[in-house]
Amino acid sequence: MSSDSSLPSSVQIQVLGLKTDNNDVAAVVVYLHDKRMGCGPPAKTVGSATITPNNAEEESVVTVVELDYSEASYDKMIEPSLYAALNIAESTVTYQEGTSPAFSISGSGKLYVQPKNAS
């Protein structure tokens with residue numbers, strides 16, 4: 001894979017389930033990984049954003065995350081791919097039951113969240 005890959009310079013991340021009355025914060029990280037090698041290490045962070053709802057009625061927040069590949073050696077990857085995940089330690093929310101990080105994103109991805117203390 002060469003460095004002229006079709007990887008995007010930014011991705012649009014939609015976070016669904018945020019609530020202002022909970023003071024929800026979703027710390028989102030975008031990773032570059034080799035799909036053939038799984039999503040753990042050596043995945044590299046290529047972008048991040050802290051997302052909060054703008055008003056009480058808004059439960060879906062969309063943000064554009066600019067990506068920086070300067071520290072990632074994707075030219076040696078067999079099948080480079082992006083995924084977005086929550087940084088749980090920095091977030092007041094977690095994934096809704098039955099959902100997970102957004103894998104194989106190209107232009108956009110969705111994360112479904114709920115407060116950490118929700119069952």
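This report walks through the fold of one protein chain, from its strands to its core and one exposed loop residue.

**The overall picture**

The structure is a predicted model. Its chain contains eight strands and zero helices, so reading from the N terminus you meet the elements β-β-β-β-β-β-β-β. Of the 119 residues, 41% count as buried. The accessible surface comes to about 6,700 Å², and carbon and sulfur atoms account for 45% of that area.

How much of the contact pattern joins residues at least 24 apart? Among contacts between residues at least 6 apart in sequence, the share is 64%.

**An open sheet**

Strands of a sheet pair through backbone hydrogen bonds, either parallel or antiparallel. Here, four strands make an open sheet with mixed pairing, in the order β4-β1-β8-β6. Which strands sit at the edges? They are β4 and β6, each of which pairs on one side only. From one strand to the next, the twist averages 40°.

Let's look at one pairing in this sheet. β6 runs antiparallel to β8, and three bridges link the two strands. One residue pair to find in the structure is Val 93 with its bridge partner in β8, Pro 115.

Here are the residue ranges of the four strands in this sheet, in case you want to locate them.

| Strand | Residues |
|---|---|
| β4 | 60–66 |
| β1 | 10–16 |
| β8 | 108–115 |
| β6 | 93–95 |

**The nonpolar core**

In soluble globular proteins, nonpolar side chains tend to be buried together. In this model, the largest nonpolar core has 29 residues. Ile 13, Val 28, Val 30 and Leu 82 have the most contacts inside this core. The elements giving two or more residues to the core are β1, β2, β3, β4, β5, β6, β7 and β8. Which of them gives the most? That is β5, with five residues.

Ile 13 makes a good starting point for exploring. Beyond its neighbours within four places in sequence, Ile 13 is in contact with a list of residues that includes Val 28, Val 61, Val 65, Ala 84, Ile 105 and Leu 111. Thr 63 and Gly 109 are also among the contacts of Ile 13.

**A residue in a loop**

Now for a residue outside the strands. Asn 54 lies in the loop between β3 and β4. Is Asn 54 buried or exposed? Asn 54 counts as exposed because its relative accessibility is 62%, and the cut-off for exposed is over 50%. Along the chain, Asn 54 and Lys 19 are 35 residues apart, while their C-alpha atoms are separated by 9.1 Å.

Key. Residues are numbered from 1 along each chain as its sequence is written. This is a predicted model: local features need pLDDT of at least 70, side-chain atom pairs count only at pLDDT 80 or more; totals for chains, interfaces and linings use all residues. Side-chain values use heavy atoms; hydrogens and water are left out. Buried means under 20% relative accessible area, exposed over 50%, partly exposed in between (1.4 Å probe, protein chains only). Contact means heavy atoms within 4.5 Å. Accessible areas come from the Shrake-Rupley method with a 1.4 Å probe; for residues, only the protein chains shown count as cover. Two strands pair if DSSP finds at least two bridges between them. Axes are lines fitted to C-alpha atoms, for helices over the stretch in contact, and angles run from 0 to 180 degrees between N-to-C directions. A nonpolar core is a set of buried Ala, Val, Leu, Ile, Met, Phe, Trp, Tyr and Cys residues joined through side-chain atoms within 4.5 Å.
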